[in-house]
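Visitor: I should like to be guided through the structure displayed below. May I put my questions one at a time?

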Number of protein chains: 4
Amino acid sequence: MSEHRRGPVRSEAARVAILDATARLFAARGYDHLTMEGIAAEAHVGKQTIYRWWPSKGALVADCLLEGRLFPEGFSPADTGDLRADLIAWLRGILAFVDREGGDTMVHSLIAAAGDHPSVGARLSEQLGANPLLRARFESAVAAGQLSPDRPLDELGDAFVGAVVLRALGRAPTDAAAAARLVNAVLGPA
Amino acid sequence: MSEHRRGPVRSEAARVAILDATARLFAARGYDHLTMEGIAAEAHVGKQTIYRWWPSKGALVADCLLEGRLFPEGFSPADTGDLRADLIAWLRGILAFVDREGGDTMVHSLIAAAGDHPSVGARLSEQLGANPLLRARFESAVAAGQLSPDRPLDELGDAFVGAVVLRALGRAPTDAAAAARLVNAVLGPA
Amino acid sequence: MSEHRRGPVRSEAARVAILDATARLFAARGYDHLTMEGIAAEAHVGKQTIYRWWPSKGALVADCLLEGRLFPEGFSPADTGDLRADLIAWLRGILAFVDREGGDTMVHSLIAAAGDHPSVGARLSEQLGANPLLRARFESAVAAGQLSPDRPLDELGDAFVGAVVLRALGRAPTDAAAAARLVNAVLGPA
Amino acid sequence: MSEHRRGPVRSEAARVAILDATARLFAARGYDHLTMEGIAAEAHVGKQTIYRWWPSKGALVADCLLEGRLFPEGFSPADTGDLRADLIAWLRGILAFVDREGGDTMVHSLIAAAGDHPSVGARLSEQLGANPLLRARFESAVAAGQLSPDRPLDELGDAFVGAVVLRALGRAPTDAAAAARLVNAVLGPA
DNA sequence: ACCTAACCGAGACGGTACGTCGCGTCTTCCC
DNA sequence: GGGAAGACGCGACGTACCGTCTCGGTTAGGT
């Protein structure tokens with residue numbers, strides 16, 4: 001009944017080698033020094049094998065992001081019961097990542113990749129902003145009466161993550177109090 | 001007294017022709033279809049004349065932005081006395097610009113350019129976010145008692161503009177109520 | 001047994017198109033107006049395809065020479081039994097070629113190419129001087145007793161061809177008796 | 001009565017500096033690595049000053065040649081009374097010059113320059129071949145009965161020098177007996 | 001036990017743009 | 001008005017990648 005494909009199936013080894021090579025080169029040299037030829041060489045794979053399964057460099061990076069090959073970590077806010085303190089700690093972690101050696105390159109690369117490939121943009125806020133987890137933290141704060149139930153929570157997360165992205169775009173230096181200022185700005189003073 | 005330079009000075013005609021050509025091509029075809037060769041041809045100028053004065057495509061676009069060649073307008077919030085209404089109107093204008101024909105291309109191009117060149121990022125928030133004017137609007141709101149004097153105003157602006165940028169990165173479609181939701185999220189419910 | 005190469009083999013069509021284009025443009029505009037870009041365009045070929053197989057313009061011209069694409073003819077002395085008359089006729093042919101419309105350009109181009117690429121120089125004396133055939137003519141003359149068997153024949157050929165090349169270098173105009181004078185000078189008076 | 005030119009006359013210092021720089025760079029890097037910009041810089045002279053007085057690189061080199069800035073020496077045959085021995089010694093000197101470090105570069109450069117500028121070709125045979133002196137040696141040999149008075153002497157010189165140039169073009173290695181073979185070839189066996 | 005379609009590596013191909021070099025001209029200031 | 005400095009429009013250079021294509025070799029179904 002069903003149409004059967006003959007011949008060998010997709011090589012998992014090749015798929016993994018390509019994604020590994022992509023993540024490795026992305027981390028080492030950034031998105032715009034990433035080349036299809038470089039990936040193919042690094043992965044010991046023919047270029048056609050890449051093009052057979054991914055339409056573009058952006059899609060490849062999006063897949064790496066999806067499989068968590070670019071951020072081993074994944075930032076998520078703690079829940080100590082004190083929303084402001086938790087948000088400040090969470091933002092500090094992200095800002096420290098951006099400020100560290102090569103971190104701004106990583107962020108800029110992701111932003112560049114987001115420009116190339118729509119789904120990278122979507123993944124970006126999830127991975128960097130950990131939006132589902134962030135939203136959960138907000139919901140917990142609402143339940144605890146620390147946050148008005150009328151605040152649209154997704155937009156609230158966007159405001160925090162967006163401010164960080166904007167800072168990263170402009171490469172503005174971040175001081176120690178930046179996280180606290182941003183929380184005060186968005187949530188209102190304590 | 002001063003050490004004097006001999007030889008011809010920089011040609012203003014060439015400088016203007018290059019910036020004009022850059023702005024024209026940027027608007028027409030977007031940042032990543034913008035090429036140095038295309039600019040040189042459009043400006044009837046040698047490539048070397050571009051490289052003599054600008055190190056990269058990004059720097060060129062940054063200068064265009066600085067001279068207001070990319071946004072004749074410049075979004076600025078009105079001051080009717082009602083902060084929320086003014087912010088919603090201002091955000092709607094920006095979102096409409098992003099959503100309009102080719103508007104997302106323009107924004108993505110600017111974001112891409114920001115990745116290439118630091119000062120584009122800085123200029124971006126000023127031009128697109130009109131930060132000095134936005135800050136003035138916030139200060140007016142503080143004076144009117146509509147905003148707590150303890151909110152850091154620059155971070156507040158970053159949160160708004162950042163959220164818009166983040167939306168644009170993910171190419172999420174914007175509905176009519178998006179502006180209002182964002183204002184409620186950041187400022188708290190009315 | 002043998003290590004096997006994978007991947008596509010060299011395209012004969014591209015090779016021929018490049019050599020054809022080179023010969024065509026060389027004949028039309030001379031060696032120093034010959035450009036790699038022009039050849040690539042004329043041959044409908046990427047520049048890299050030329051650089052992949054030839055290191056320089058000179059090597060390309062040398063290959064054309066080797067395949068007889070620059071002189072369809074190839075000057076060779078007749079053997080009527082009269083050495084002096086045959087040499088004079090042969091030299092007249094060459095001098096006429098040099099003097100004719102564009103002929104000096106061709107010769108200067110070849111000399112310039114010889115400067116660029118060693119093997120062009122070697123091929124030059126073979127093609128223009130037809131040395132193997134010239135040497136055969138000398139051997140025939142030795143057998144006929146018209147030439148001392150102690151004359152080194154290669155050097156004899158070099159003397160004739162070299163004198164012509166030297167004339168061409170200096171662009172000295174050649175009169176009708178030039179060929180006869182050269183024969184008398186080298187072979188001694190009749 | 002006569003039209004007087006006003007302003008300063010041609011600067012001899014500049015003229016000498018340019019020719020010196022040309023000769024220095026020619027010897028150091030060869031004709032085709034010689035650039036007008038390089039000469040101007042080396043001579044601490046504006047490019048316009050060069051173009052004001054010389055039409056091309058070739059003309060510049062021709063002038064250097066004319067003033068003896070390229071060959072301090074100038075090969076001339078001795079007159080010991082033995083023509084063959086004198087010619088062999090003379091040829092050996094030239095061949096040694098060609099074969100020595102960078103000597104072939106020098107000769108190739110001169111040939112290339114001859115292609116660019118007609119008078120370089122003419123000067124070349126005079127300087128390298130020392131034709132007037134060579135002709136004088138031949139005339140002495142005719143007087144001594146060592147050479148038939150019917151041999152055209154200019155063509156005879158051309159044959160010798162031309163054979164050397166041809167060898168140099170093809171970069172053929174020269175062995176010790178080469179000079180003797182050439183003399184035997186052209187003059188006939190002893 | 002073939003057959004054969006789809007996979008794989010390698011890499012040649014026609015292209016586009018890059019950033020550099022050198023050309024010959026033009027422009028500015030100084031002597 | 002000659003000369004230094006050097007900016008200009010221009011054209012070619014040789015390189016880097018793009019995305020497509022063409023090879024032989026390798027694997028699995030299907031028959």
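Visitor: How many salt bridges are found across the interface of chain A and chain B?

Guide: This is a predicted model, and the values that follow are computed from it. One salt bridge across this interface joins the side chains of B:Arg167 and A:Glu155, with 3.4 Å from N to O. The rule also finds 10 residue pairs in polar contact between chain A and chain B. The number of salt bridges across the interface of chain A and chain B is 6.

Visitor: Which helix supplies the largest share of the side of chain A that touches chain B?

Guide: Four helices of chain A each supply at least two residues of that side: helix 6 (103-116), helix 7 (118-129), helix 9 (153-170) and helix 10 (178-187). By class, the side of chain A that touches chain B has 18 nonpolar, 10 polar and 9 charged residues. The largest share, 12 residues, comes from helix 9 of chain A.

Visitor: Which three residues of chain A supply more of the area that it buries against chain B than any other three?

Guide: The size of an interface is often given as the accessible area lost when the parts come together. Chain A and chain B bury about 2,800 Å² between them, and carbon and sulfur atoms carry 66% of it. On the side of chain A, 20% of the buried area is supplied by A:Glu155, A:Leu166 and A:Leu169.

Visitor: Which C-alpha of chain A is nearest the axis that relates chain A to chain B?

Guide: A turn of 178 degrees and a shift of 0.1 Å along the axis lay chain A on chain B with an RMSD of 0.4 Å. In chain A, the C-alpha nearest that axis lies 1.8 Å from it and belongs to A:Gly162.

Visitor: Why can one say that chain A and chain B meet through the same surface?

Guide: The contact takes 37 residues from chain A and 37 residues from chain B. The copies meet through the same surface because the interface residues of chain A are also interface residues in chain B, and the share is 100%.

Visitor: What kind of axis relates chain D to chain C?

Guide: Chain D is superposed on chain C, with an RMSD of 0.3 Å, by a rotation of 179 degrees and 0.1 Å of shift along the axis. Such a rotation and shift therefore give the relation of a two-fold axis.

Visitor: Which residues of chain D lose the most area to chain C?

Guide: In this pair, 37 residues of chain D are in contact with 37 residues of chain C. The area buried between the two chains is about 2,800 Å², of which carbon and sulfur atoms give 66%. Together accounting for 21% of what the side of chain D buries, the residues that lose the most are D:Glu155, D:Leu166 and D:Leu169.

Visitor: How many salt bridges are counted between chain D and chain C?

Guide: One pair in a salt bridge is C:Glu155 and D:Arg181, whose side chains meet at 2.9 Å, N to O. Polar contacts across the interface of chain D and chain C number 10 residue pairs. The count of salt bridges between chain D and chain C is 6.

Visitor: How far apart are the nearest C-alpha atoms of chain B and chain D?

Guide: Chain B and chain C do not touch, and their nearest C-alpha atoms are 16 Å apart. Chain B and chain D do not touch either, and the distance between their nearest C-alpha atoms is 10 Å.

Visitor: What percentage of the atoms of DNA strand E that come within 4 Å of the protein do sugar and phosphate account for?

Guide: DNA strand E is surrounded by 40 residues, and the closest are B:Tyr51, C:Trp53, D:Lys47, D:Gln48 and D:Tyr51. Of the atoms of the strand that come within 4 Å of the protein, the share belonging to sugar and phosphate is 66%.

Visitor: Which residue has a polar side-chain atom 3.4 Å from a base nitrogen of DNA strand E?

Guide: Some contacts reach the phosphates: the side chain of C:Thr49 has an N or O atom 2.8 Å from a phosphate oxygen of DNA strand E. Likewise, a polar side-chain atom of C:Arg52 lies 3.1 Å from a phosphate oxygen of the strand. The residue with a polar side-chain atom 3.4 Å from a base nitrogen is B:Gln48.

Notes:
Residues are numbered from 1 along each chain as its sequence is written. Chains are lettered from A and ligands numbered from 1 in the order in which they are written. This is a predicted model: local features need pLDDT of at least 70, side-chain atom pairs count only at pLDDT 80 or more; totals for chains, interfaces and linings use all residues. Side-chain values use heavy atoms; hydrogens and water are left out. A residue is near a molecule or strand if one of its heavy atoms lies within 4 Å of it. A polar contact is a pair of N or O atoms within 3.5 Å; within protein, one must be able to donate a hydrogen and the other to accept it, and residues adjacent in sequence count only if both atoms are side-chain atoms. Copies are superposed by least squares on the C-alpha atoms of residues with pLDDT of at least 70 in both. Contact means heavy atoms within 4.5 Å. Buried area is the accessible area (1.4 Å probe) that two parts lose on being put together, summed over both. A salt bridge is a side-chain nitrogen of Lys or Arg within 4 Å of a carboxyl oxygen of Asp or Glu. Ala, Val, Leu, Ile, Met, Phe, Trp, Tyr, Cys and Pro count as nonpolar, Asp, Glu, Lys and Arg as charged, and the others, Gly among them, as polar.
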